[in-house]
Amino acid sequence: MENNKDPYAASFDQAKEIITQTRNVQGRYGVAATAEIEQLRREYIERAQRRIDIYRENEQEHLETVMREMDEQRADKLRRIKIAYDNNNIEWVDEIFRNIITPD
Amino acid sequence: MVLNDEINNNAEAAVSVDQNNKDAVEEKLLTEAYDMIQQSVFDIKSEMARELSMHKIESKKEVFAEKGHYVDAVMAAVKKQLLEFKKTDAYIEYLKKCVAKANEKLDGLTRLYVSRTDLDIMRAVFPDIDVKQDLRIMIGGIIAENDGLTMDFTFERKLRAEREKFEQKLSEL
């Protein structure tokens, strides 16, 4: 029966078949691509989040170190002021008093 | 044969288009991830800078307050000595020196301002000068005036100046 078919009609049928097959291929790729993209997105986001977490951890550590140093410097400064006061407060008072009672 | 080629070409084209799309999507996802990292880094830096800045301010406040206690203690002791000094003859000598100096610098004196407690003694010591009370003078010293020009020899002014110098001195420790 097929052999007796009008060659133009046969070509038309074949063309329809091509379109159908092509659409099927595109459809399959489309579905596959969407799932693949989602998977890729998840991976990239997870990798980015890991880097961000590491960065935050490092920065937090650095911040704590800087703040600790700052606290030590402050404690040291307060210690120095206290020692200076304990050793010199009488002299300081006398010196300031003398400066005041000396006419400018 | 021609039609088979057509099928193959279309299929290849579909695959090629898909590969190009995949590359473009991958590029877009990479950019999204990069932007996400950049934004987070910026946020983290800002947050840390804010935290550090607050810590610095708190730290400075604490040092400032502690220094303030020592400055207050020293200045209170100085004030106590000044009040004792006021009870002595040396104080009157001091006032005389201030008046002489003001007289010289201002080229004469028309008026003296003193504290309430010094009013009588100053009027007695300087009968030729108009001596008035000035409520701003609480501890001692004088403000001398001649033709609108004044010189401030009050303990209050000197205490303020000495306090500033002393605060500076403590900051340099």
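# Notebook: chain B, its sheet and two helices

I began with contact order. In chain B, 53% of the contacts between residues at least 6 apart in sequence join residues at least 24 apart. I keep in mind that this is a predicted model.

**Entry 1. Layout of chain B**

I listed the secondary structure next. Chain B has four helices and four strands. Read from the N terminus, the order is α-α-β-α-β-β-β-α. I then checked burial over the chain. Of the 173 residues in chain B, 17% are buried.

**Entry 2. The sheet**

In what order do the four strands of the sheet lie? I found β2-β1-β3-β4 in chain B, an open sheet with mixed pairing. Its edges are β2 (130–133) and β4 (149–152), and each of these pairs on one side only. I also took the angle between neighbours. On average, neighbouring strands are turned by 20° against each other, with direction ignored.

I went through the pairs I could resolve. β1 (residues 111–114) pairs with β3(B) in the antiparallel sense, over three bridges. There, L112(B) has A144(B) as its bridge partner. β3 (residues 143–146) pairs with β4(B), also antiparallel, over four bridges. On that side A144(B) stands opposite M151(B). So I can trace a line through the sheet: A144(B) is the bridge partner of L112(B) and stands opposite M151(B) in β4(B). A further pair is E145(B) opposite T150(B) in β4(B).

**Entry 3. The hairpin residue**

I looked at the turn from β3(B) to β4(B). This hairpin has two residues between the strands, and D147(B) there takes a positive phi near 50°. D147(B) is not a glycine. I recalled the background: most residues other than glycine have a negative phi. Is D147(B) buried or exposed? I counted 10 C-beta neighbours inside 10 Å, so D147(B) counts as exposed.

**Entry 4. Helix α2(B)**

I measured nothing here; the span is computed from the model. α2 of chain B covers residues 89–106, 18 residues in all. From first C-alpha to last it reaches 26 Å, close to the 26 Å expected at 1.5 Å a residue.

Which residues of α2(B) are buried? I noted Y94(B), L95(B), C98(B), V99(B) and A102(B). They lie on the same side of α2(B), because they cover an arc of only 135° around the axis. The other side of α2(B) has D89(B), A90(B), E93(B) and E104(B), which are exposed.

I followed the chain past the helix end. D107(B) comes just after α2(B) and has a positive phi of about 60°. D107(B) is not a glycine either. Its place is the loop between α2 and β1 of chain B. With 10 other C-beta atoms within 10 Å, D107(B) is exposed.

**Entry 5. Helix α4(B)**

I ran the same checks on α4. This helix spans residues 155–171 of chain B and has 17 residues. Its reach is 24 Å from first C-alpha to last, close to the 24 Å expected at 1.5 Å a residue.

The buried residues I found in α4(B) are F155(B), K158(B), E162(B), F166(B) and L170(B). Their arc around the axis is only 105°, which puts them on the same side of α4(B). K158(B) and E162(B) are among these buried residues, and I marked both for a second look. On the other side of α4(B) I have R160(B), E164(B), Q168(B) and S171(B) as exposed.

**Entry 6. L159(B)**

I picked out L159(B), a residue of helix α4. Why is L159(B) partly exposed? I get 19 C-beta neighbours inside 10 Å, and buried needs 20 or more, so L159(B) falls in the partly exposed class.

I then asked what L159(B) touches. Leaving aside neighbours within four places in sequence, the contacts are I100(A), M75(B), V78(B) and K79(B). I checked the separation from K79(B). The two residues are 80 apart in sequence and 8.2 Å apart in space, C-alpha to C-alpha. I100(A), one of the contacts of L159(B), belongs to the other chain.

**Entry 7. The contact between chains**

That led me to the interface. How many residues does each chain bring? I have 41 residues from chain A and 48 residues from chain B. I also sorted the chain A side by class. The side of chain A that touches chain B has 26 nonpolar, six polar and nine charged residues.

Technical notes
Residues are numbered from 1 along each chain as its sequence is written. Chains are lettered from A and ligands numbered from 1 in the order in which they are written. This is a predicted model: local features need pLDDT of at least 70, side-chain atom pairs count only at pLDDT 80 or more; totals for chains, interfaces and linings use all residues. Two residues are in contact if their C-beta atoms, placed from the backbone, lie within 7 Å. Ala, Val, Leu, Ile, Met, Phe, Trp, Tyr, Cys and Pro count as nonpolar, Asp, Glu, Lys and Arg as charged, and the others, Gly among them, as polar. A residue is buried if 20 or more other C-beta atoms lie within 10 Å of its own, exposed if 12 or fewer, and partly exposed in between; C-beta atoms are placed from the backbone. Two strands pair if DSSP finds at least two bridges between them. Axes are lines fitted to C-alpha atoms, for helices over the stretch in contact, and angles run from 0 to 180 degrees between N-to-C directions. The expected span of a helix is 1.5 Å times one less than its number of residues. The arc is that of the directions from the helix axis to the C-beta atoms.
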